[in-house]
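Please open the structure in your viewer, with the sequence panel beside it, and follow the stops below in order. Each stop names a selection and then describes what is found there.

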Amino acid sequence: MSDTHTPLGDMADQILDADGDEDGEITVGDVVHILGARSHYALLLAVSATCATPLSGIPGVSVVCGLLIALISAERIFLGHRDVYLPGKLSRRAISAEKAQKTIQKIRPYIGWVDRHTRKRFSGLFKAPMILVPLTICMISGAAMPFLEFIPFTSSIVASGVLLISVGLVTRDGIFALLSIIPYIGILVLLARVLG
């Protein structure tokens with residue numbers, strides 16, 4: 001991905017234009033195809049945004065999203081700028097295209113807010129070797145999410161942290177990446193209370 005600011009609204013428009021397959025479903029593979037050259041970071045953003053919404057309440061969504069986040073982050077860390085590769089089973093996982101589009105429509109005001117308030121800041125955070133830090137955090141977060149599915153809200157909180165990092169990666173705005181510390185502190189406090 002080039003070192004330029006990418007409006008989130010552009011990606012949202014592309015996903016909104018997706019009609020899904022003949023069953024009215026859109027697969028993870030479809031999203032990868034839609035995002036195309038926007039690479040690993042855009043896909044991380046799309047997956048984490050999905051899990052940060054009420055869709056995470058659907059059984060299995062947190063598990064799939066977590067595995068995708070871990071896999072995409074690991075690929076970017078260890079394989080660099082190669083195209084995203086997804087196992088067939090994950091690539092074929094589907095959700096109703098209508099439901100996905102309604103969810104995106106609900107968050108469009110937030111997407112617009114982000115586009116108005118992001119610009120290149122502290123972009124040194126996204127250059128080697130510093131970029132390994134946010135990517136490693138995303139990888140660990142994704143790997144943890146399947147285990148958090150049984151504790152209400154925890155997967156969504158972790159996904160929010162990945163979402164903020166992903167916004168930073170796509171828009172090259174280090175402020176958003178630094179803001180990810182807030183949900184991570186929140187999840188630590190919540191787990192401490194739950195686990196006593």
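## Stop one: a loop residue

Begin by selecting R172, which lies in the loop between α8 (154-171) and α9 (174-179). Keep in mind throughout the tour that this is a predicted model. Although R172 is not a glycine, its phi is positive, at about 65°. Is R172 buried or exposed? With a relative accessibility of 5%, R172 counts as buried. For background, most residues other than glycine have a negative phi, and most peptide bonds are trans.

## Stop two: the whole chain

Now zoom out and colour the chain by secondary structure, where you should find 10 helices and two strands. Read from the N terminus, the order of the elements is α-β-α-α-α-α-β-α-α-α-α-α. If you switch to a colouring by accessibility, buried residues amount to 45% of the 196 residues in the chain. Among contacts in the chain with a separation of 6 or more, 78% are between residues that are 24 or more positions apart.

## Stop three: α8 against α10

Return to helix α8 and select T154, which is found in this helix. T154 has a relative accessible area of 0% and is therefore buried. Which residues is T154 in contact with, once its neighbours within four places in sequence are left aside? They are L148, I187, L190 and L191.

Next add helix α10 (residues 181-194) to the selection, and you will see that α8 and α10 pack at an angle of about 160°, with their axes 8 Å apart. The two helices, α8 and α10, are therefore roughly antiparallel to each other, and α8 passes α10 in a left-handed crossing. To display the contact itself, show the side chains of T154, I157, V158, S160, G161, V162, L164 and I165 in α8, which meet P183, Y184, I187, L190 and L191 in α10. By class, this contact of α8 with α10 comprises 10 nonpolar residues, three polar residues and no charged ones.

## Stop four: α4 against α7

Select helix α4 (residues 61-79) together with helix α7 (residues 132-148), whose axes come within 7 Å and cross at roughly 150°. At that angle α4 and α7 are therefore roughly antiparallel to each other, and their crossing is left-handed. On the α4 side, the residues to show are S62, V63, C65, G66, L67, I69, A70, S73, A74, R76, I77 and F78, and they meet L132, L135, T136, C138, M139, G142, A143, M145 and P146 in α7. The contact of α4 with α7 has 15 nonpolar, five polar and one charged residues.

Two cysteines take part in this contact, C65 from α4 and C138 from α7. C65 counts as buried at 7% relative accessibility, and C138 counts as buried at 0%. How many disulfides does a search of the whole structure find? The search finds zero. C65, in particular, is in no disulfide, and the nearest cysteine sulfur, that of C51, is 4.5 Å away; a pair of cysteine sulfur atoms would have to be within 2.5 Å to count as a disulfide.

## Stop five: the loop between α6 and α7

Move to the loop between α6 and α7, where P129 is found. The peptide bond that joins A128 and P129 is cis, with omega at about 0°. F122 is found in the loop between α6 and α7 as well, and it has a positive phi, near 50°, in a residue other than glycine. At 55% relative accessibility, F122 counts as exposed.

## Stop six: α1 against α6

For the last selection, take helix α1 (residues 8-16) and helix α6 (residues 97-117), which pack at an angle of about 165° with their axes 9 Å apart. That angle makes α1 roughly antiparallel to α6, and the crossing of α1 and α6 is left-handed. Show L8, G9, A12, D13, I15 and L16 in α1, and look across to Q101, I104, Q105, R108, I111, V114 and D115 in α6, which they meet. The residues of this contact of α1 with α6 divide into seven nonpolar, three polar and three charged.

Methods. Residues are numbered from 1 along each chain as its sequence is written. This is a predicted model: local features need pLDDT of at least 70, side-chain atom pairs count only at pLDDT 80 or more; totals for chains, interfaces and linings use all residues. Side-chain values use heavy atoms; hydrogens and water are left out. Buried means under 20% relative accessible area, exposed over 50%, partly exposed in between (1.4 Å probe, protein chains only). Axes are lines fitted to C-alpha atoms, for helices over the stretch in contact, and angles run from 0 to 180 degrees between N-to-C directions. Helices (H or I, at least four residues) and strands (E, at least two) are DSSP runs, numbered from the N terminus. Angles under 35 degrees count as roughly parallel, over 145 as roughly antiparallel, 65 to 115 as roughly perpendicular and the rest as oblique. A crossing is left-handed if the near helix is turned anticlockwise from the far one by less than a right angle, and right-handed if clockwise. Contact means heavy atoms within 4.5 Å. Ala, Val, Leu, Ile, Met, Phe, Trp, Tyr, Cys and Pro count as nonpolar, Asp, Glu, Lys and Arg as charged, and the others, Gly among them, as polar.
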